[in-house]
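Here is my notebook from an afternoon of looking things up. Keep the viewer open and follow along with me.

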There are 2 protein chains.
Amino acid sequence: MIDLLQHGSPSLIDLISDELWRQLQAIGTVERYQDGQMIHMRGDEKPGITVVLDGRVMIGLQGSEGTFLTSSVMGRGQCFGEFTLFAGLPRTHDISAIGETQVLQIKGKPFLALFNAEPSLSHALLTINVYRTHGLLEFLDDLRRLPLPVHVAKFLLSMSESASNKKEIQCNQEVLAFNFGVSRISIGKALKKLEATGLIEVGYGKIAITDHPQLRRWVEQRCPVSALRASRVNSTSQ
Amino acid sequence: MIDLLQHGSPSLIDLISDELWRQLQAIGTVERYQDGQMIHMRGDEKPGITVVLDGRVMIGLQGSEGTFLTSSVMGRGQCFGEFTLFAGLPRTHDISAIGETQVLQIKGKPFLALFNAEPSLSHALLTINVYRTHGLLEFLDDLRRLPLPVHVAKFLLSMSESASNKKEIQCNQEVLAFNFGVSRISIGKALKKLEATGLIEVGYGKIAITDHPQLRRWVEQRCPVSALRASRVNSTSQ
DNA sequence: GCTAGAATGCAAACTTTTATACATTTGGGT
DNA sequence: ACCCAAATGTATAAAAGTTTGCATTCTAGC
């Protein structure tokens, strides 16, 4: 799954202890949603944290006539809503379910109470947000500095690391194009260019990385700084 | 000052109590740097938080040919280094002083101790990072969706709010161009277009907003959520 | 197997952006 | 008041990206 917020950032469930996770579940309520159902709407005033338990949620903005512009997609363990809690502002995005989805909904007050009592929870939240900030900054940097094919290659590498199948990334070119803010045609050209090196293979709704280490080297040679970071995620949980 | 990380996000000093600020100062050490002096280097392993006390710091990457590519500039009250603490990775950027600069350097261990004992500190840090994430996401969204002149206008508006002088933004076109990832020429054209509306005035190393509310309306007319491009980029399921 | 819908490939005309080069303007410093 | 480096304006060719339209390929579902 292609995503700017999620990619590279660890999940809340992975970052906290089983005990703390149980506590969170105790103060929250499980909600079930059908495919396409709205979970939150832009402008909602109720602050709270949501954790995806099962399925996926789509974060974006509802356009006119049912069109939806996605900013982010989150899967199991990912959480969102921190902005309503820590910035004290209403929801900035619409959030809806992809497929049958279960989420844990935790209201602002009980969450903050636990947050104040459990440093490991704030530690985990901070870790997530620090990774998100960092990932976004780096993506933006690359957007400004790298030619499209190189940037795409780098992104594919980093996606493949958090994917279930390391060799193959499940995404169509249109979604990819939107992430990079360019047209499908441009992405197509960039992918063709990469394919010509023999390091990736463009499929139908998927992209395969045929030679991982070689592609990494190819990207590193083309980055102005040796900017490809090791993706070592050591959860500093206590 | 033009900056993606800082703009819109509150400063640490503003977010915490005087008492907590004193405690932070007690466990940190004040360091002084001359203009251009290095404060941290990419790759440094020492984790810690730094708070700018006076002057400014430049966060960026040393390019291949001795050039410095700025990612961010931070002023009094802003803090950085959370990534070294909460992601457990070495410094990802070079950081150097702009002008005579004082910073409060707090080592990882004492900071985390205070962090664990004081929920208001973690609350403040989270607030900062949540704002940063949000600001970056929105900027990225605008980059993909808005024509350059509209995006520039929106950015100028948001900059002017955190500027010392609300009517005038101190920045040259080259810096602006880098922030948007386009050439100086493109920014120049966009600014000329905006100037033609009479809502801003382009000066030498500065941009003046002549009619704040009118410019705001001008931007809103051109990027309402309801009028987003009706592209079928994202279907409800994959 | 078929088939329909989705995804991709491709080409031509086009718009936008870039790079380059140079002229002009500005404003701080001596 | 002058000088000069920095910032901006402008022009043109080249490169990159977009739009449009349609052909082709793939795959899930019957």
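**Entry 1: a proline in a helix**

Is Pro149(A) buried or exposed? Before I answer, a reminder to myself that this is a predicted model. I looked up the value and found a relative accessible area of 14% for Pro149(A). Buried means under 20%, so Pro149(A) is buried.

Next I checked where Pro149(A) sits, and it belongs to helix H6 of chain A. I then asked which residues it touches, leaving out those up to four places away in sequence. My list for Pro149(A) reads Ala190(A), Lys193(A), Leu194(A) and Trp218(A). I also tried a distance along the chain: Glu19(A) is 130 residues from Pro149(A), and their C-alpha atoms are 45 Å apart.

**Entry 2: the sheet beside that helix**

I stayed with helix H6 of chain A, residues 148-162, and followed it to its neighbours. This helix lies across E7, E8 and E9 of chain A, and it runs at about 90° to E9(A).

What is the order of the strands in this open sheet? I read it as E7-E9-E8 in chain A, 3 strands with antiparallel pairing. At the edges I found strand E7 (168-170) and strand E8 (200-202) of chain A, each pairing on one side only. On average, neighbouring strands of this sheet are turned by 20° against each other, with direction ignored.

I then zoomed in on one pair. E8(A) joins strand E9 (residues 206-209) of chain A over 3 bridges, in the antiparallel sense. To see a bridge for myself, I picked Val202(A) and found Ile207(A) in E9(A) as its partner.

A note from general reading: in a regular strand, side chains alternate between the two faces of the sheet.

**Entry 3: around DNA strand C**

How many residues surround DNA strand C? I got 15, and the closest are Gln173(A), Lys192(A), Tyr204(A), Ser183(B) and Ser186(B). I liked seeing both chain letters in that list. Of the atoms of DNA strand C that come within 4 Å of the protein, 67% are accounted for by sugar and phosphate.

I wrote down three polar contacts for DNA strand C.
- From Gln173(A), a polar backbone atom is 2.9 Å from a phosphate oxygen of the strand.
- From Tyr204(A), a polar side-chain atom is 2.5 Å from a base nitrogen of the strand.
- From Ser186(B), a polar side-chain atom is 2.3 Å from a phosphate oxygen of the strand.

Which helices supply residues to the surface near DNA strand C? I found helix H8 (184-196) of chain A and helix H8 (184-196) of chain B, each giving at least two residues. Sorted by class, that surface has 5 nonpolar, 7 polar and 3 charged residues.

**Entry 4: around DNA strand D**

I repeated the lookup for DNA strand D and found 15 residues around it. The closest are Ser183(A), Ser186(A), Gln173(B), Lys192(B) and Tyr204(B). Within 4 Å of the protein, 70% of the atoms of DNA strand D belong to sugar or phosphate, and the rest to bases.

Here are the polar contacts I noted for DNA strand D.
- An N or O atom in the side chain of Ser186(A) is 2.3 Å from a phosphate oxygen.
- A polar side-chain atom of Asn172(B) is 3.1 Å from a phosphate oxygen.
- A polar backbone atom of Gly205(B) is 3.1 Å from a phosphate oxygen.

H8 of chain A and H8 of chain B each supply at least two residues here. The classes near DNA strand D are 5 nonpolar, 6 polar and 4 charged.

**Entry 5: over to chain B**

I picked Met38(B), which lies in strand E2 (residues 38-40) of chain B. Its relative accessibility is 31%, so Met38(B) counts as partly exposed. Beyond its neighbours within four places in sequence, Met38(B) is in contact with Tyr33(B), Gln62(B), Asp94(B), Ile95(B) and Ser96(B).

Ser96(B) came up again: in E6(B), it is the bridge partner of Met58(B). Strand E3 (residues 48-62) and strand E6 (residues 94-107) of chain B pair in the antiparallel sense over 11 bridges. E3(B) also runs antiparallel to strand E5 (residues 79-80) of chain B, joined by 2 bridges. There I found Cys79(B) in E5(B) as the bridge partner of Val51(B).

**Entry 6: stepping back to chain A**

Last, I looked up the totals. Chain A has 9 helices and 9 strands, and 55% of its 238 residues count as buried.

Notes
Residues are numbered from 1 along each chain as its sequence is written. Chains are lettered from A and ligands numbered from 1 in the order in which they are written. This is a predicted model: local features need pLDDT of at least 70, side-chain atom pairs count only at pLDDT 80 or more; totals for chains, interfaces and linings use all residues. Side-chain values use heavy atoms; hydrogens and water are left out. A residue is near a molecule or strand if one of its heavy atoms lies within 4 Å of it. A polar contact is a pair of N or O atoms within 3.5 Å; within protein, one must be able to donate a hydrogen and the other to accept it, and residues adjacent in sequence count only if both atoms are side-chain atoms. Helices (H or I, at least four residues) and strands (E, at least two) are DSSP runs, numbered from the N terminus. Ala, Val, Leu, Ile, Met, Phe, Trp, Tyr, Cys and Pro count as nonpolar, Asp, Glu, Lys and Arg as charged, and the others, Gly among them, as polar. Two strands pair if DSSP finds at least two bridges between them. Axes are lines fitted to C-alpha atoms, for helices over the stretch in contact, and angles run from 0 to 180 degrees between N-to-C directions. Contact means heavy atoms within 4.5 Å. Buried means under 20% relative accessible area, exposed over 50%, partly exposed in between (1.4 Å probe, protein chains only).
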